[in-house]
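Colleague: I am new to reading models like this one, and I would love a close look at a single part. Could you pick out the nonpolar patch on the surface and walk me through what surrounds that topic?

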Amino acid sequence: MKKLFTAAALVMALSACSGQNATETVAPVNINSLGETAITEIRPADPAPIYPKRGKAIARTFVHQPPMIPHKVQYPITLKKNGCMSCHSPAKAKRMKATQVDASHLLADAKLNNAYYNCTQCHTPQAQNKTQLIENRFSNK
């Protein structure tokens, strides 16, 4: 008897779902932040950023500008470990042929000051992007 009720419940559940049909055409969805492009349209991927060759850097445009990072930012910065310091610490920078972290970022014992622990807050990758990410009207004059 228990098997009969289980089978009947299963048949009823399956028959309740069988009458639903999916729509064959998808209506485009317009989102203001994406412009007037419908989500259903296919567009080519954005061009990949190009990073400078080793030893080349973009010149700073104003005094006290934080230098830009000449490579991908793929090193983790967590509470326990700052990945940037694996190459840019005073002890390793010369051997790794990397720019040493500025003395203003260090404490007296040559450890990184916690106020400067999140490097990517000021320093950003200097990739040459083919498309402008945001509008910029900055002038150093």
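Modeller: Happy to! Let us begin with a term: a nonpolar patch here is made of residues with over 30% relative accessible area and no salt bridge, whose nonpolar side chains are joined within 5 Å. In this predicted model, Met1, Leu4 and Phe5 form such a patch on the surface, and together they have about 400 Å² of accessible area. Take Phe5 as our guide. Phe5 lies in helix 1, which covers residues 2–17. Is Phe5 buried or exposed? Its relative accessibility is 54%, and exposed means over 50%, so Phe5 counts as exposed.

That is worth setting beside a general trend: in soluble globular proteins, nonpolar side chains tend to be buried together. For the buried side of the picture, turn to the largest nonpolar core, which has five residues: Met85, Val101, Leu106, Leu112 and Tyr117. Leaving aside residues up to four places away in sequence, Met85 touches Val101 and Leu112, and also Pro90 and Lys92.

Now step back to the whole chain. Three helices and zero strands are found there, giving the pattern α-α-α along the sequence. Of the 141 residues, 13% are buried. The accessible surface of the chain comes to about 12,700 Å², and carbon and sulfur atoms account for 59% of that surface. Finally, if you take contacts between residues at least 6 apart in sequence, 48% of them join residues at least 24 apart.

Methods: Residues are numbered from 1 along each chain as its sequence is written. This is a predicted model: local features need pLDDT of at least 70, side-chain atom pairs count only at pLDDT 80 or more; totals for chains, interfaces and linings use all residues. Side-chain values use heavy atoms; hydrogens and water are left out. Helices (H or I, at least four residues) and strands (E, at least two) are DSSP runs, numbered from the N terminus. Buried means under 20% relative accessible area, exposed over 50%, partly exposed in between (1.4 Å probe, protein chains only). Contact means heavy atoms within 4.5 Å. Accessible areas come from the Shrake-Rupley method with a 1.4 Å probe; for residues, only the protein chains shown count as cover. A nonpolar core is a set of buried Ala, Val, Leu, Ile, Met, Phe, Trp, Tyr and Cys residues joined through side-chain atoms within 4.5 Å. Patches are made of residues with over 30% relative accessible area and no salt bridge: like charges are joined within 9 Å, nonpolar side chains (Val, Leu, Ile, Met, Phe, Trp, Tyr) within 5 Å. A salt bridge is a side-chain nitrogen of Lys or Arg within 4 Å of a carboxyl oxygen of Asp or Glu.
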